[in-house]
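Me: I would like a close look at a single part of this protein, the open sheet, together with what packs on it and what adjoins it. Please work from the strands outwards.

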Amino acid sequence: MYFGFYTIFLKDVKCGDLVYGRNIYDYQEGTLVFMAPGQVAGMNSNGQIYQPKGYGVVFRPDFIHGTSLGRHMQEYSFFGYQSNEALHLSERERTIVLDCFSKIDHELDQAIDKHSKKLITTNIELLLSHCIRFYDRQFITRDHVHRGILEKFEEVLNDYFVSDKPQLIGLPSVAYCAEKLNLSANYFGDLIKKETGKTASEFIQSKLINVAKERIFDTEKTVSQIAYELGFKYPQHFARLFKQQVGHTPLEYRHLN
């Protein structure tokens, strides 16, 4: 089934696996699932007949245009999470989510007036803001799932810079690292931010500068050669970034030691 909507599902009973893209959702009772427009999803019941039960909120992208929700929609990065990154609710969180659903449902039952759209979108925004908080909790309580991600991230970058990938495909991207760790770019980025206080891009940049500092002392190579080895198309971009981060140009830094 093609979804042209923003969709939020709360599943109440076991009724088969949710197939989302090419993946199977970590989709148990009490799981909250988010889908963005343009995704394809369906149910995998393994030939058994189920009666699905749960709650959902579905809204079109154009419904939120010009609203506070529309202006802040990019903050809810979990709409871009992968199948194994669903939100697992505690009982208390489930009660809060159902209360938000109830408020939205109540407003939909009213006669439409000039306040309807604002009240509906405000309650959806409240629901999504709660979900940001719940994901912060999940990053902590499901630490056993995430354990070692930073170390693995470091390994991915180490392997990248000792290979010929920088010359072949350029600087390492967040999407590349996330794929290597079997995570969506959004979830990976949010997780690294929670763990380190840095964005994944800042972490990559910090690693890049550390590698560059080591290589600059190889006086048999020019700064331009080092820049190309690291994945820069233009040496001047490397020199600009290095000075911005270190306070010296690569050549100045080489002569400091």
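Reply: A residue is called buried here when its relative accessible area is under 20%. By that cut-off five of the five residues of β5 are buried, so the strand is largely enclosed by the rest of the structure. This is a predicted model, and the description below applies to the model.

β5 covers residues 31-35. In a regular strand the side chains alternate between the two faces of the sheet. In β5 both faces are covered, with Thr31, Val33 and Met35 buried on one side and Leu32 and Phe34 buried on the other.

The sheet that holds β5 is open and has four strands, in the order β7-β2-β5-β8, paired antiparallel. β7 (54-59) and β8 (87-88) stand at the edges with a single partner strand each, so one side of each has no neighbour in the sheet.

The pairings can be taken in order across the sheet. β2, residues 6-11, is joined to β7 by six bridges in the antiparallel sense, and within this pair Thr7 stands opposite Val58. β2 also runs antiparallel to β5, with four bridges between them; here Leu10 has Leu32 as its bridge partner. β5 in turn pairs with β8 over two bridges, again antiparallel, and Leu32 stands opposite Leu87 in that pair. Leu32 is thus the bridge partner of Leu10 and also stands opposite Leu87, while its side of β5 is covered.

Helix α2, residues 91-108, lies across β2, β5, β7 and β8. The helix runs at about 50° to β7.

Phe5 is a useful point at the start of β2, as it lies in the loop between β1 (2-3) and β2. With a relative accessibility of 30%, Phe5 counts as partly exposed. Beyond its neighbours within four places in sequence, Phe5 is in contact with Met35, Ala36, Pro37, Val58, Phe59, Arg60 and Pro61. Met35 is one of the buried residues of β5, and Val58 is the residue of β7 that Thr7 faces. Phe5 and Pro61 are 56 residues apart in sequence, yet their C-alpha atoms are 6.5 Å apart.

On the other edge, the chain leading into β8 has a residue to note. Glu85 sits in the loop between α1 (68-72) and β8. Its relative accessibility is 2%, so Glu85 counts as buried. The side chain of Glu85 makes a polar contact of 2.7 Å with the side chain of Ser184. Apart from neighbours within four places in sequence, Glu85 is in contact with Tyr135, Asn182, Leu183, Ser184 and Tyr187.

Two of these contacts lead to the surroundings of α8. Asn182 belongs to the loop between α7 (174-180) and α8. At 57% relative accessibility Asn182 counts as exposed, in contrast to Glu85, which is buried. Most residues other than glycine have a negative phi. Asn182 has a positive phi, near 60°.

Tyr187 lies in α8 and is buried, as are Phe188, Gly189, Leu191 and Ile192 of that helix. α8 has twelve residues, 185-196, and at 1.5 Å a residue the helix should span 16 Å; the end C-alpha atoms are 16 Å apart, which agrees. Just after α8, Gly197 has a positive phi of about 80°.

For the setting of this part, the protein contains twelve helices and eight strands, and 40% of its 257 residues are buried. Of the contacts with a separation of 6 or more, 71% are between residues 24 or more positions apart. The accessible surface comes to about 14,600 Å², with 51% of it belonging to carbon and sulfur atoms.

In short, β5 is largely enclosed, β7 and β8 form the edges, and α2 lies across β2, β5, β7 and β8. Glu85, in the loop before β8, is joined to Ser184 by a polar contact between their side chains.

Definitions and conventions
Residues are numbered from 1 along each chain as its sequence is written. This is a predicted model: local features need pLDDT of at least 70, side-chain atom pairs count only at pLDDT 80 or more; totals for chains, interfaces and linings use all residues. Side-chain values use heavy atoms; hydrogens and water are left out. Buried means under 20% relative accessible area, exposed over 50%, partly exposed in between (1.4 Å probe, protein chains only). Contact means heavy atoms within 4.5 Å. Accessible areas come from the Shrake-Rupley method with a 1.4 Å probe; for residues, only the protein chains shown count as cover. Two strands pair if DSSP finds at least two bridges between them. Axes are lines fitted to C-alpha atoms, for helices over the stretch in contact, and angles run from 0 to 180 degrees between N-to-C directions. A polar contact is a pair of N or O atoms within 3.5 Å; within protein, one must be able to donate a hydrogen and the other to accept it, and residues adjacent in sequence count only if both atoms are side-chain atoms. The expected span of a helix is 1.5 Å times one less than its number of residues.
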